[in-house]
Amino acid sequence: MALVLAGQIVPLTEQDPNAVFAGRVWLGDDGTIDAVTKGNATGPAGFDDAPTVDVGDALVLPGLIDLHNHLGYNTLPLWSEPSQATPFRHHNSWPNAPTYTETVTWPAWVYANAEPEALVAYVQTRALVGGTTAIQGWPGASREVNAVMRNIDSEKVGTTDPNLIYTSVVTKTPLELGEMAQAIGHDVGFIYHCAEGQPGSVVESEFVDAANAGCLRRTFIAIHCNALAPADWTRWSQNQGGAVVWSPFSNLWLYGVTADITAARARDVSICLGSDWGPSGTKHVLGEMKVAKIVSGTNHLGLSDKDVVAMATTNPGDVLARCWSRPIGRLVPGGFADVTVLRAGGAGDMWSQIVAATERDVKLVVVGGRPRYGDAAVMTAAGVEASSALTIGGTRRKLVLPQPDDPTKAWSWTDIHRRLETVRKDPKAALANARKRRGGVAGALDDEEAPLELVLDMPGGGPLAFAGPPPDPAAVKIAPLPTLVHDPAFFKAIHGHGFHSGVLDGLKAFYQ
């Protein structure tokens with residue numbers, strides 16, 4: 001279905017990056033942008049029957065991109081280890097904390113195995129509510145999941161190749177990194193978790209090994225890198241600028257330090273944002289933008305609000321476009337038709353208004369030309385019929401999430417929430433019911449009708465085995481489902497916990 005959006009267009013083009021004008025974005029039925037026009041200019045052919053949605057003074061932006069997440073864990077609240085008095089040293093430290101397995105690993109495993117479809121629906125809704133259109137960090141799956149967002153890990157861009165971008169959470173050997181370097185040389189992307197920890201810790205070698213293997217090139221996307229020394233950044237050639245994904249909330253929460261953004265920018269490395277995951281991150285990348293602003297002020301990084309907006313739009317978009325050969329993160333003809341519409345308002349210029357926007361300001365989210373979430377009136381004007389209702393920020397919204405067994409029907413948000421609550425209240429019974437539904441047969445990769453099986457991507461504790469089943473499901477205690485928004489419970493969990501020395505307490509001010 002083609003769609004026309006009219007409002008205050010913020011296209012973020014390379015030619016005129018500061019532009020904002022009253023106009024229209026013409027979204028074709030092939031999932032790409034046909035045109036961007038000013039005022040009431042005539043648009044391209046083929047839109048005679050397309051609905052036109054006028055969002056008034058709202059800002060029509062490229063869809064927000066979250067380049068670092070672990071979606072399988074986003075049904076969980078913030079986690080902190082009560083017995084930990086000092087910041088964790090690196091990413092191999094906190095999985096061995098006394099409460100990690102029982103608080104994070106087992107609850108996540110139970111949700112993923114008892115209600116995998118509902119889990120995927122819940123975590124996508126959480127991202128959409130924050131204006132996210134494309135996200136990295138999906139759990140492994142036995143077949144295609146019921147996705148309504150752009151899956152950065154396996155985007156095919158109209159081809160049959162799901163390996164345009166490789167990802168790795170685990171540390172790779174020098175030989176494996178050498179193989180990745182060869183792929184990077186052909187503009188294949190490689191998103192790599194590396195050097196996550198305090199400066200000088202052993203994990204610094206992960207980045208050094210990647211550099212020695214020849215990975216530091218234009219499609220290398222390094223997540224974290226807060227363990228790097230200033231000299232490490234000079235390994236990145238200034239004419240080969242790839243990207244670093246900055247997750248300042250999670251870095252400060254676990255380690256008390258974050259990446260040297262100033263050193264990275266000095267090497268022309270593109271800075272992108274990622275909200276990380278429920279146990280140590282913000283709820284979505286719109287929240288992480290505010291953390292970036294706070295940390296910039298605290299650490300005197302000199303980032304403007306425009307810089308922060310770029311970290312969730314053009315910066316990740318440009319590095320992904322190198323892998324996909326299609327624009328994303330900019331509203332330009334031929335680009336992905338991913339759009340986020342935010343209500344304008346508040347003090348300051350346009351950039352500061354975007355950074356300050358909260359969930360209540362997300363008016364519409366369009367992925368691949370299809371409206372997926374937004375104000376009820378706007379979604380109706382866009383021609384959306386099969387949808388579910390929910391209220392966010394005091395405003396009635398519509399959500400488009402197809403039912404797993406019948407994509408022509410909308411999946412009720414109430415039912416999604418109910419299913420997960422049923423798991424939470426009685427994990428043992430929920431797992432037993434899931435086994436009955438599966439009939440003891442695991443899903444097959446080539447069978448679309450097979451039951452969905454998810455594989456979580458984070459360490460499970462102990463010897464760093466990946467998330468596995470609890471020995472006694474009846475003994476698993478699962479915390480209440482967090483809300484989809486940054487709320488008083490979230491801010492209460494921040495205060496006095498983690499290792500941010502109070503810096504993250506400032507996030508609350510944006511939501512008052």
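Me: Which residue of strand 4 stands opposite Ile9?

Reply: Val60 stands there. Before we go on, this is a predicted model, so local features need pLDDT of at least 70 and side-chain atom pairs pLDDT 80 or more, while totals for chains, interfaces and linings use all residues. Residues are numbered from 1 along each chain as its sequence is written, and side-chain values use heavy atoms, without hydrogens or water.

Me: What makes strand 1 and strand 4 a pair?

Reply: Two strands pair if DSSP finds at least two bridges between them. Strand 1 (residues 3-9) and strand 4 (residues 52-62) have five, in the parallel sense, so they pass. Strand 4 is also joined by four bridges to strand 14 (residues 339-342), this time antiparallel, with Pro62 opposite Val339. As for what gets a number, strands (E, at least two residues) and helices (H or I, at least four) are DSSP runs counted from the N terminus. The chain has 15 helices and 21 strands.

Me: How do you know that strand 6 has a partner in both strand 5 and strand 8?

Reply: Go by the bridges. Three join strand 5 to strand 6 (residues 132-135), running parallel, and two join strand 6 to strand 8, also parallel. Leu64 stands opposite Thr132, and Ile65 has Ala134 as its bridge partner. Ala134 in turn stands opposite Arg150 in strand 8. The result is an open sheet of three strands in the order 5-6-8, where the edge strands, strand 5 (64-66) and strand 8 (150-151), each pair on one side only.

Me: Why are strand 9 and strand 13 called edges?

Reply: They belong to an open sheet of five strands, parallel, in the order 9-10-11-12-13. Strand 9 (165-168) and strand 13 (270-273) each have a single partner strand, so one side of each has no neighbour in the sheet. The twist averages 25° from one strand to the next. Further in, five bridges join strand 10 (residues 189-194) to strand 11 (residues 220-224), and Tyr192 stands opposite Ala222. Helix 3 (residues 174-184) lies across strand 9, strand 10 and strand 11, at about 145° to strand 10.

Me: Why is the packing of helix 6 and helix 8 called roughly perpendicular?

Reply: Their axes come within 8 Å and cross at roughly 65°. Axes are lines fitted to C-alpha atoms, for helices over the stretch in contact, and angles run from 0 to 180 degrees between N-to-C directions. Under 35 degrees counts as roughly parallel, over 145 as roughly antiparallel, 65 to 115 as roughly perpendicular and the rest as oblique. Helix 6 and helix 8 are therefore roughly perpendicular.

Me: Which residues make that contact?

Reply: Contact means heavy atoms within 4.5 Å. Helix 6 (residues 248-255) brings Pro248, Phe249 and Leu252, and helix 8 brings Glu288, Val291, Ala292 and Val295. By class, that gives six nonpolar, no polar and one charged residues. Here Ala, Val, Leu, Ile, Met, Phe, Trp, Tyr, Cys and Pro count as nonpolar, Asp, Glu, Lys and Arg as charged, and the others, Gly among them, as polar.

Me: What makes helix 6 count as mostly covered?

Reply: Eight of its eight residues are buried, among them Trp253 and Tyr255. Buried means under 20% relative accessible area, exposed over 50%, and partly exposed in between (1.4 Å probe, protein chains only). The cover includes strand 11, strand 12 (243-246), strand 13, helix 8 and helix 15 (488-494). Just after helix 6, Gly256 takes a positive phi of about 75°.

Me: What is worth a second look about the phi of His224 and Ser501?

Reply: Most residues other than glycine have a negative phi. His224, in strand 11, has a positive one of about 85°; Ser501, in the segment after helix 15, has one of about 55°. Is each buried or exposed? His224 has 1% relative accessibility, so it counts as buried, and Ser501 has 75%, so it counts as exposed.

Me: How do you know that the chain agrees with a compact globule?

Reply: The radius of gyration is taken over C-alpha atoms, and the globule rule is 2.2 Å times the number of residues to the power 0.38. For 512 residues that puts a compact globule near 24 Å; the chain has 22 Å, so the two agree. Buried residues make up 59% of the chain.
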